[in-house]
Amino acid sequence: MRPSSSPSEALLRGLSGTPDVDAEIGDHALLRALLDVEAALARAGADVGLVPAPAADEIVRQCRAERYDPAALGAAAEAAGNPVVPLVRELTAAVAEPARPWVHHGATSQDVLDTALSLVAVRAAEPLLRHLADAADAAARLARTHRDTLMAARTLGQQAAPTTFGLKAAGWLVGLVEARTRLARARADLPAQLGGAVGTLAAYGTAGPAIVDRFAAHLGLAASPLPWHTRRQPLLDLAAALGGLLAATGKIALDVGLLAQTEVGEVAEGGAGRGGSSAMPHKRNPVDSVLVTAAARRGPGLVGTLFAAAGQEHERAAGGWHAEWEPLLDLTHLAGGAAARTARMLADLDVRPQRMRVNLDASGGLLLAESVAARLAPALGRAAAHDLVRRAAGRPDFRAALLADADLRAHLSEPDVDAALDPAGWLGSAGHLIDRALDLHREAARGEGPTAGSHHEAARGPAAGAGPRHEAARGPAATAGPHREAQP
């Protein structure tokens, strides 16, 4: 576990994260999740008659995060290779003597830490999804407002043909909606982990499957059909969703940064007092674009680490599992900051249609070369029309060169040429595509199900907040005795 507040976190970490997401992934949040898992384990055992109800009540009462020191647990974690072992030792010491044999009963350290990370991810996803929704709403407003705002589209770094800023914003919007949908799905599918030492649930006898179901239900997580100690697909799905979010927001940030360049000047980031320079008083840097771009460039390495760690040996990994924890939390941290900054960047974006038109017209109509060639193609053939327009494009005055070409004048009049050189007439299906993006956004906004699925009602608050449930039918007791120590 990281130190609670290292100098780098105080000075730098705020530049890549956002407070509400970071509050759900820090040391105290992870400690709370670990204790929620231990409480849910005791409650599940009581539900099926394996753990005495008074013992479960006592364990739940002692699963309060304020009783334990994350820094001390982190220091003690090195001896066992994870923080669960020292936490279980302290929890066992804290409960009354009759309850001690039932602390951490039947679980292994990986069960607790994997499930706690699922809980942390579920809880962090709630504000993260809100930021994504805000960013999508802002992109949708830009798409509607600038549906007919002409600008130059750019391919391979060069002006290419006309488009609208509304269509560019619609592309941003679809990326955000898709990222939110993927993250919501990955969040809804995150399972609890419970398998015991080698994934057989041996300590629970025949009650194992019933305990797994009750355990997951108490935490508001999905119940996995089998333990996933070395089958890491749930975390890979989450990592891919977070990486995709960083890619979607990073694309927007890159576009904004390029459009905000002095020589382009088609947009500027809003926000008074932001973007200053320590040396140049005149500077107004696109700081949100810069920080989101930085986060997006860090993402692939973290995603890659999780995928590289996923090939794990036999029933429990030696190092692969351990390699996942910090990259997963770092990915969540970066995704939160990128989503929040993208929402602010788009909400405050200063769009400059006049500058867009100046840049569009700067080439003297060259951006409409494809339009002219398309009008000539039925008469001359595509290749001949292309060559004719290319010759004219090499001359100083494109329009004059077109009108001076006898082959062209045989088929197009001067009004025909002017119509071909009108950028508003060469937008194809841009308006329809914007409508499709806005429809997708509305549908996603109405279909909140994946982000607020029933799995996660319990995951929003600590499992230790209520006593054990006993309404479930009590199953047969396990044939093996309780485990008194955490199994690494």
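pLDDT is the predictor's confidence in each residue, on a scale from 0 to 100. In the present predicted model, the protein chain has an average pLDDT of 90, and 87% of the residues score at least 70. Two stretches of low confidence stand apart from this average. Over residues 1-7 the pLDDT is below 50, although the model gives this stretch 14 contacts beyond near neighbours in sequence. Residues 462-486 likewise remain under 50, and for this segment the model contains 68 contacts beyond four places in sequence.

The secondary structure of the protein chain comprises 19 helices and 6 strands. Of its 488 residues, 51% count as buried. The area exposed by the protein chain is about 21000 Å², of which carbon and sulfur atoms supply 56%. With regard to contacts between residues at least 6 apart in sequence, 80% join residues that are at least 24 apart.

Aromatic ring pairs were examined next. The count comes to 2 such pairs. One is formed by F165 and W172, whose arrangement is edge-to-face, with a distance of 5.7 Å centre to centre and an angle of 85° between the planes. The angle of 85° is classed as edge-to-face because it is over 60 degrees. Both partners were also assessed for burial, for which the relative accessible area must be under 20%. F165 counts as buried because its relative accessibility is 0%. W172, at 2% relative accessibility, therefore counts as buried as well. W321 and W325 form an aromatic pair that is also edge-to-face, with 4.9 Å between the ring centres and 80° between the planes. W321 and W325 are both buried.

F165 appears again in the surroundings of a histidine, H146. This residue is located in the loop that connects α7 (109-145) to β1 (150-155). Its relative accessible area is 10%, so H146 is buried. Residues up to four places away in sequence being left aside, H146 touches T164, F165 and G166, together with V351 and P353. F165 thus takes part both in a contact with H146 and in the edge-to-face pair with W172. The three residues H146, F165 and W172 each count as buried.

Conventions:
Residues are numbered from 1 along each chain as its sequence is written. This is a predicted model: local features need pLDDT of at least 70, side-chain atom pairs count only at pLDDT 80 or more; totals for chains, interfaces and linings use all residues. Side-chain values use heavy atoms; hydrogens and water are left out. Helices (H or I, at least four residues) and strands (E, at least two) are DSSP runs, numbered from the N terminus. Buried means under 20% relative accessible area, exposed over 50%, partly exposed in between (1.4 Å probe, protein chains only). Contact means heavy atoms within 4.5 Å. Accessible areas come from the Shrake-Rupley method with a 1.4 Å probe; for residues, only the protein chains shown count as cover. Rings of Phe, Tyr and Trp (its six-membered ring) pair if their centres lie within 6.5 Å; planes under 30 degrees apart count as stacked, over 60 as edge-to-face and the rest as tilted.
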